[in-house]
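These are my notebook entries on burial and exposure in one model. I record each look-up in the order in which I made it.

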Amino acid sequence: MSPDGTDPYVHRGTRAIQRMVEYAPSTGSLALWIRHRNSAAGDQDMAACNDGLTISYAPSFERLSLPRQTGLVAHQVLHVALRHAPRYLELRRQIGDVDLELYTVCADAIVNSALAHLSWLELAPETVLLEDLLFCMFNIKFGSPVFRISAALCHGGGCTLRVAL
């Protein structure tokens with residue numbers, strides 16, 4: 001990084017993006033078109049987050065393994081590419097009150113489900129997948145042998161999700 005910390009091409013997510021370009025050139029290429037920045041300690045609660053345009057990396061991001069960093073960057077890249085933040089704002093403009101927590105859980109489930117099958121990255125242990133939500137809410141099971149759902153997620157048809165938002 002440049003001495004003043006302004007080099008736009010060197011940030012905490014650089015190694016993970018390089019790995020993405022190697023294993024999934026299309027997704028890695030998307031990451032190259034997104035702005036990235038390092039945030040200072042205390043600026044954010046999560047290791048990485050986005051505002052719809054820029055992915056920000058907290059100091060805690062560097063303590064994660066490279067596969068976990070890669071999973072987190074890929075997760076954020078898909079949120080930006082799928083325009084989840086602007087879609088939320090447009091939905092709120094059109095219908096008024098929108099449950100941000102529910103919207104975020106659903107957006108996370110979509111993104112995580114797109115990434116969960118990739119062996120070269122690692123998702124967080126508390127990751128929620130689309131099939132988890134469908135099972136909890138509608139008792140719909142996917143026929144996949146990798147279907148993974150914890151008994152802790154569903155209780156008697158109701159759903160209690162433990163996710164990091």
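I looked up Gln69 and found it buried, with a relative accessible area of 4%; buried means under 20%, exposed over 50% and partly exposed in between, with a 1.4 Å probe and protein chains only. The model is predicted: local features need pLDDT of at least 70 and side-chain atom pairs count only at pLDDT 80 or more, while totals for chains, interfaces and linings use all residues. Residues are numbered from 1 along each chain as its sequence is written, and side-chain values use heavy atoms, with hydrogens and water left out.

I placed Gln69 in helix H3, residues 66-81. Helices (H or I, at least four residues) and strands (E, at least two) are DSSP runs, numbered from the N terminus. I then listed the contacts of Gln69 (heavy atoms within 4.5 Å). Neighbours within four places in sequence aside, they are Arg12, Arg15, Ala16, Phe61, Glu62 and Leu64.

Ala16 led me to helix H1 (residues 14-23), where Ala16, Ile17, Arg19 and Met20 are buried. These residues cover an arc of only 160° around the axis, so they lie on the same side of H1; the arc is taken from the directions from the helix axis to the C-beta atoms. I noted Gln18 and Glu22 as exposed on the other side of H1. The cover over the buried residues of H1 includes H2, S1, strand S3 (54-57) and H3.

Finally, I turned to Trp33, which is exposed, with a relative accessible area of 78%. I located Trp33 in the loop between helix H2 (25-32) and strand S1 (35-38).
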